[in-house]
Amino acid sequence: MVIKILEMALPVLIMLGLGYFCKAKNVFDEKGLLGLKAFISNITLPVVLFNAFLCAEYNAKIVVLFVLIYVGYLLAIGTGLLLNKTGKSCSVFMPFPLASAEGGMLGYALYGLITGTQTGFAAVDLGQTVFAYTAFLALLKMTDGKKVTARNLLGNMFSNKCFWGMLLGIICGATGIGKLVLNSSVGGIVTSVISMIAAPTSAIVLLVVGYELNMKRELMKKVLITVVTRLAIMAVLLVAVSAIVTGIFGYDKELEVALMVLYSLPAPFIIPMFADLGDDSEYVSTTLSVNTVVTIILFVFISAFYIM
């Protein structure tokens with residue numbers, strides 16, 4: 001079992017280490033990092049999402065998961081807003097590291113390394129993605145003092161290529177078009193092309209995450225409070241969602257692993273992109289970095305659970 005865990009965990013640690021090494025030795029600069037991010041977000045990740053939702057099973061379980069995950073994250077961000085009102089918050093932006101998850105840039109990569117396929121993660125990522133581009137983004141912009149309209153939210157959503165990859169995958173998968181194509185004479189060609197484009201995603205994502213790890217010692221007290229609070233909330237959500245889904249549909253180990261990965265992830269990396277964090281920027285970036293390290297530690301235990 002130790003060897004199998006190492007087979008899953010060691011590549012992750014090595015790629016994170018290489019990313020950190022690239023930053024320390026200036027193998028590539030911030031412009032190079034932006035190029036890698038653009039390559040992931042505009043090309044490989046949309047294809048990964050398209051393929052995951054293309055091959056996903058569409059049934060009542062998907063609908064139930066969508067509702068449970070969306071409502072769960074609403075409760076998580078609501079907890080953060082309540083802490084703000086009671087004066088027990090570490091920052092006005094604390095609610096956001098407590099909710100949603102970095103499914104695209106990290107979730108699919110880790111789930112794929114555990115199970116060998118990224119399709120199963122799509123079932124739990126749908127609710128998370130829609131939440132991130134609706135309630136999460138609206139509240140983030142309001143906290144930043146910006147006016148929020150439905151038009152702006154839809155504009156942000158439909159201008160994102162990852163969202164288009166997910167949407168097209170859902171349309172083709174739910175209508176049966178995907179199965180018709182994949183089972184046709186050109187199915188092997190389509191699968192080969194998708195696999196070739198998607199293949200480097202996990203490695204590049206982990207390289208970028210390693211490059212961006214940022215630990216500010218002077219912020220550690222606030223950061224650790226935030227991370228521990230998030231872990232506690234996510235643990236409750238994991239137990240609750242797993243119990244409800246298992247009670248309705250029966251136990252599914254791969255779905256359980258998908259939920260474990262989802263609730264172990266850090267908050268979305270888009271937070272600094274959509275808000276002017278001001279003096280809180282280092283607090284948010286350090287929180288995301290520490291939470292990412294915690295995710296990798298939890299990844300080892302999730303891998304052990306999967307192979308048991």
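Select helix H11 (220-249) and helix H12 (253-264) to begin, since these are two helices that each supply at least two residues of the lining of the largest cavity. The model on screen is a predicted one, and its structure holds 2 cavities of 30 Å³ or more, with about 60 Å³ of space in the largest cavity. To display the wall of that largest cavity, pick Val-241, Ser-242, Val-245, Thr-246, Gly-250, Tyr-251, Asp-252, Leu-255, Glu-256 and Leu-259. Helix H11 gives the most to this lining, with 4 residues.

Keep Asp-252 selected and turn to the second largest pocket, which has a volume of about 250 Å³. Of the 13 residues that line this pocket, the closest to its centre are Glu-57, Lys-61, Gly-120, Ala-123 and Asp-252. Helix H3 (60-86) and helix H12 each supply at least two residues of the lining of the second largest pocket, and the largest share, 3 residues, comes from H3.

Go back to helix H11 and select Val-236, which is found in that helix. Is Val-236 buried or exposed? Val-236 is exposed, with a relative accessible area of 56%. If you add Ala-9 to the selection and draw a C-alpha to C-alpha distance, the two residues are 25 Å apart in space and 227 residues apart in sequence.

Next, select Thr-287, which lies in helix H14 (residues 281-307). In contrast to Val-236, which is exposed, Thr-287 is buried, with a relative accessible area of 1%. Show the side chain of Thr-287, and you will find that it reaches the backbone oxygen of Tyr-283 at 2.7 Å. Leaving aside the neighbours within four places in sequence, Thr-287 is in contact with Pro-97, Val-223, Thr-226 and Val-227, so these four are worth showing as sticks beside Thr-287.The next stop is helix H4 (residues 103-115), which spans only 16 Å between its end C-alpha atoms, whereas a straight helix of 13 residues would span 18 Å at 1.5 Å a residue. How many of the 13 residues of H4 are buried? The count is 12 of the 13, so H4 is largely enclosed by the rest of the structure. Among the buried residues to colour are Gly-103, Met-105, Leu-106, Tyr-108, Leu-110, Tyr-111, Ile-114 and Thr-115. Just after H4, select Gly-116, which takes a positive phi of about 90°.

Finish at helix H9 (residues 187-198), where the 12 residues should span 16 Å at 1.5 Å a residue, and the end C-alpha atoms are indeed 16 Å apart, in agreement with that expectation. In H9, the residues Gly-187, Ile-194 and Ala-198 are buried. They cover an arc of only 40° around the axis, which puts them on the same side of H9. On the other side of H9, select Ile-189 and Met-196, both of which are exposed. To see what covers the buried residues of H9, bring in neighbours that include helix H2 (30-54), helix H8 (177-182) and helix H10 (201-212).

Technical notes:
Residues numbered from 1 in each chain as written. Predicted model: local features only at pLDDT ≥ 70, side-chain atom pairs only at ≥ 80, totals over all residues. Heavy atoms only, no water. Buried < 20%, exposed > 50% of the residue type's maximum accessible area, 1.4 Å probe, protein only. Polar contact = N/O pair within 3.5 Å; in protein donor to acceptor, adjacent residues only side chain to side chain. Contact = heavy atoms within 4.5 Å. Expected span 1.5 Å × (residues − 1). Arc of directions from axis to C-beta. 1 Å grid on protein atoms, 1.4 Å probe; cavity = no way out; pocket = protein on both sides within 12 Å on 5 of 7 lines; lining within 4 Å. Points joined across faces, edges and corners; volume = space filled by probe spheres on them.
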